[in-house]
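Biologist: I am new to this structure. Please take me through one part of it closely, side chain by side chain.

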Amino acid sequence: MVSQNIHLSKLEKHGFDGWTVRWMRNWLHGHIQREIVNISMSSRTSVTSGVPQRSILGQVLFNIFINDTGSGIESTLRKFADGTKVSGVVDKPEGQDAIQRDLDKLEKWACVNFMRFLHLGLGNPWYQYRLGAEGIGSSPAEKDLGVEVDRKLDISQQCVLAVQKDNCIPGCIKKSVSSWVGEVMLSLYSALVRPHLESCV
């Protein structure tokens, strides 16, 4: 969803020289894409947003793009990749208002930059926060760096999910490996399944 034109203007604001900004424009522009589903194929369409995935430069550009999300935020703001967290200790009504002001600032940033925040979190049972027009509800657990943690900091649900996922792996191995030699199957299982199971022990 990263607007390439907004991105280039942010590079200029960060002090990148004209030559570098032109080089980035050439790198970002001119990409095309199409969708293929079974044997159906869409027409080619120009890509006018986003940064190329799986490239170091793409990650750097995304970090530059979101660098100003924290401007004027009073609460604790943490960013990791495409995740942003706002948190704070609320012991007075003023604390609740401060967090809501920060959520309003983030929503304004998202509108200006043509982005969206997908919200989830533990919330506050005594105060209804909102992100834009939507209220932020409470959730029994949330993912943090890919690990699902509940309110009691218990990761047992994460282990259940990992086991369910890993139970599918032997079936995939069985379908895709022609050799049924015991050593081959054991090494594939050890490489693909055991590390996940051991992380939950």
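Are Phe65 and Trp109 buried or exposed? Please start there and follow the contacts outward.

Modeller: A word of caution to begin: this is a predicted model. Both Phe65 and Trp109 are buried. Together they form an aromatic pair. The ring centres lie 6.1 Å apart. The planes stand at 75° to each other, which makes the pair edge-to-face, because the angle is over 60 degrees. A search of the whole structure finds 1 aromatic pair, and this is it. Phe65 belongs to helix α3, residues 56-66. Trp109 belongs to helix α4, residues 93-112. The two residues are 44 apart in sequence, so their pairing ties together separate parts of the chain.

Now look at the face of Phe65. Lys10 lies over it, at 4.3 Å from the ring centre. Lys10 has a relative accessibility of 7%, so it counts as buried; the cut-off is under 20%.

Lys10 has a charged partner too. Side chains of opposite charge can pair when their charged atoms come close. Asp68 forms a salt bridge with Lys10, with 3.0 Å between the closest N and O atoms. This pair also links distant parts of the chain. Lys10 sits in helix α1, residues 4-13. Asp68 sits in the loop between α3 and β5. They are 58 residues apart. Their surroundings differ: Lys10 is buried, whereas Asp68, at 29% relative accessibility, is partly exposed.

Next, stay with the loop between α3 and β5. Glu74 lies there as well. Its side chain meets that of Arg101 in a salt bridge, 3.1 Å from N to O. Arg101 is in helix α4, 27 residues away in sequence, so the loop and the helix are tied together here. Glu74 is partly exposed, with a relative accessible area of 48%. Arg101 is partly exposed at 40%.

Glu74 has another partner. Lys105 forms a salt bridge with Glu74, and the closest N and O atoms are 4.0 Å apart. Lys105 is in helix α4 too, and 31 residues separate it from Glu74, so this pair again ties the helix to the loop. Lys105 is partly exposed, with a relative accessible area of 33%. Through shared partners, Glu74, Arg101 and Lys105 join into one network.

To count up, a search of the whole structure finds 3 salt bridges. Among them is the one between Asp68 and Lys10. Lys10 is also the residue over the face of Phe65, and Phe65 leads back to Trp109 through the aromatic pair.

Technical notes. Residues are numbered from 1 along each chain as its sequence is written. This is a predicted model: local features need pLDDT of at least 70, side-chain atom pairs count only at pLDDT 80 or more; totals for chains, interfaces and linings use all residues. Side-chain values use heavy atoms; hydrogens and water are left out. Rings of Phe, Tyr and Trp (its six-membered ring) pair if their centres lie within 6.5 Å; planes under 30 degrees apart count as stacked, over 60 as edge-to-face and the rest as tilted. Helices (H or I, at least four residues) and strands (E, at least two) are DSSP runs, numbered from the N terminus. Buried means under 20% relative accessible area, exposed over 50%, partly exposed in between (1.4 Å probe, protein chains only). A charge sits over a ring if NZ of Lys or CZ of Arg is within 6 Å of the ring centre and within 35 degrees of the ring normal.
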